[in-house]
Amino acid sequence: MEAGQFAFTVTADAETAAKLGLKTDKDAYAVAAADDGEADLVDLIGGIAESDVKFTDADAGKTYSFTVTETKLGGEGYANDTAPRTVTIAPAYDTATGKLTVTTTVAKDGVEVARREVSTADDAMAAPAPVTVAFQNSYEATGALGGEGNVAINATKTLTGRAAAAGEFSFSVRDAQGNAVATATNRASGDGEAVGLAFSPISYTTDALGRMVAEGTATRPPTAPGSFPIPFPRTVRTGCLRA
């Protein structure tokens, strides 16, 4: 994930935005760079003041609510989690005990998915655990070698001594385990004429490449995690050569 590839927009009323220090501009909260499968944390509350938000007994009975929506999406191949999350913060004060409790909830599609309570009765030396407003995107890349893909298999067939009939010779590209992954047959050609071979395309997805790494037919270098070198040790020709 590249820095700034995804961003979130917070929607809140003026009182809530001012109290919680929320940025309400479009795409105001952008993610940092992260490796595949890693989560990036973006601080939402207190962003304008760049400090923590404090509640007192004067806030008791009030409710501060805002929504978070992923508004800058990843692009082609990404499945984005665009459902808005509603965050509600409700301070409460117990006059009998003098305890102030702040309850934060996160809801998606009207269903509560996270909750956290922080109280003045908690250990003052322990930092309260944050409430996570979680979004999960996925990526499924597709590509093809040959066919309509950007990379082609370039090969030619030349028969010397006579003309070659169309389909007289068959060819296959095989992976490191000997599995045929692309095939082609020759076109008709004259004596000594080199003609190109049109191999069937080899299509890949992210999941397929992951399986190929597990099988040993592809590798994933740690220095270039987005690339998958695939060795093709041989091309096999079959057919009949007449005297």
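A residue is called buried when its relative accessible area is under 20%, exposed when that area is over 50%, and partly exposed in between, as judged with a 1.4 Å probe and protein chains only. By this criterion R85, at 4% relative accessibility, counts as buried. The coordinates are those of a predicted model, in which local features need pLDDT of at least 70 and side-chain atom pairs count only at pLDDT 80 or more, whereas totals for chains, interfaces and linings use all residues. Residues are numbered from 1 along each chain as its sequence is written, and side-chain values use heavy atoms, with hydrogens and water left out.

The protein chain contains two helices and 15 strands; helices (H or I, at least four residues) and strands (E, at least two) are DSSP runs, numbered from the N terminus. Of its 243 residues, 28% are buried. The accessible surface, obtained by the Shrake-Rupley method with a 1.4 Å probe, comes to about 14,800 Å², and carbon and sulfur atoms account for 51% of it. A contact is defined by heavy atoms within 4.5 Å. Among contacts between residues at least 6 apart in sequence, 55% join residues at least 24 apart.

Six strands form an open, antiparallel sheet in the order 2-1-3-5-6-7, where two strands are taken to pair if DSSP finds at least two bridges between them. Its edges are strand 2 (29–30) and strand 7 (111–119), each of which pairs on one side only. Strand 7 is joined to strand 6 (residues 99–108) by eight bridges, and the two run antiparallel. Within this pairing, V102 has V118 of strand 7 as its bridge partner.

The largest nonpolar core, with 20 residues, has V10, L20, L22, F55, F66, V68 and I89 as the members with the most contacts inside it. Such a core is a set of buried Ala, Val, Leu, Ile, Met, Phe, Trp, Tyr and Cys residues joined through side-chain atoms within 4.5 Å. Strand 1 (7–12), helix 1, strand 3, strand 5 (85–94) and strand 6 each supply at least two residues of the largest core. With neighbours within four places in sequence left aside, I89 is in contact with L20, I45, F55, K62, T63, Y64, V102, T103 and T104. Apart from the largest core lies another, of 14 residues, including L159, F169, A184 and Y204. In soluble globular proteins, nonpolar side chains tend to be buried together.

Charged side chains are the next topic. Side chains of opposite charge can pair when their charged atoms come close. With a salt bridge defined as a side-chain nitrogen of Lys or Arg within 4 Å of a carboxyl oxygen of Asp or Glu, the count comes to six. One of them links D59 and K19, with an N to O distance of 3.2 Å. Because D59 lies in the loop between strand 2 and strand 3 (64–72) and K19 in helix 1 (residues 14–20), this pair ties together parts that are 40 residues apart in sequence. D59 is buried at 6% relative accessible area, whereas K19 is partly exposed at 26%.

A further salt bridge joins D81 to R85, whose closest N and O atoms are 2.5 Å apart. Salt bridges that share partners bring D81, R85 and K108 into one network. D81 is buried at 11% relative accessibility, and R85 is buried at 4%. The salt bridge between D27 and K26 has its closest N and O atoms 3.4 Å apart; here D27 is partly exposed at 25% and K26 is exposed at 60%.

Farther along the chain, strand 11 and strand 12 (residues 180–185) run antiparallel and are joined by five bridges. V173 has A182 in strand 12 as its bridge partner. Five residues lie between the strands of this hairpin, in which G178 takes a positive phi near 85°.

The loop between strand 10 (156–158) and strand 11 (169–174) holds E168, which is buried at 12% relative accessibility. A polar atom of the E168 side chain lies 2.9 Å from the backbone nitrogen of A165. Finally, helix 2 (residues 206–215) contains L209, a buried residue with a relative accessible area of 14%. L209 and T142 are 67 residues apart in sequence, and their C-alpha atoms are 9.8 Å apart in space.

Terms used. Polar contact = N/O pair within 3.5 Å; in protein donor to acceptor, adjacent residues only side chain to side chain.
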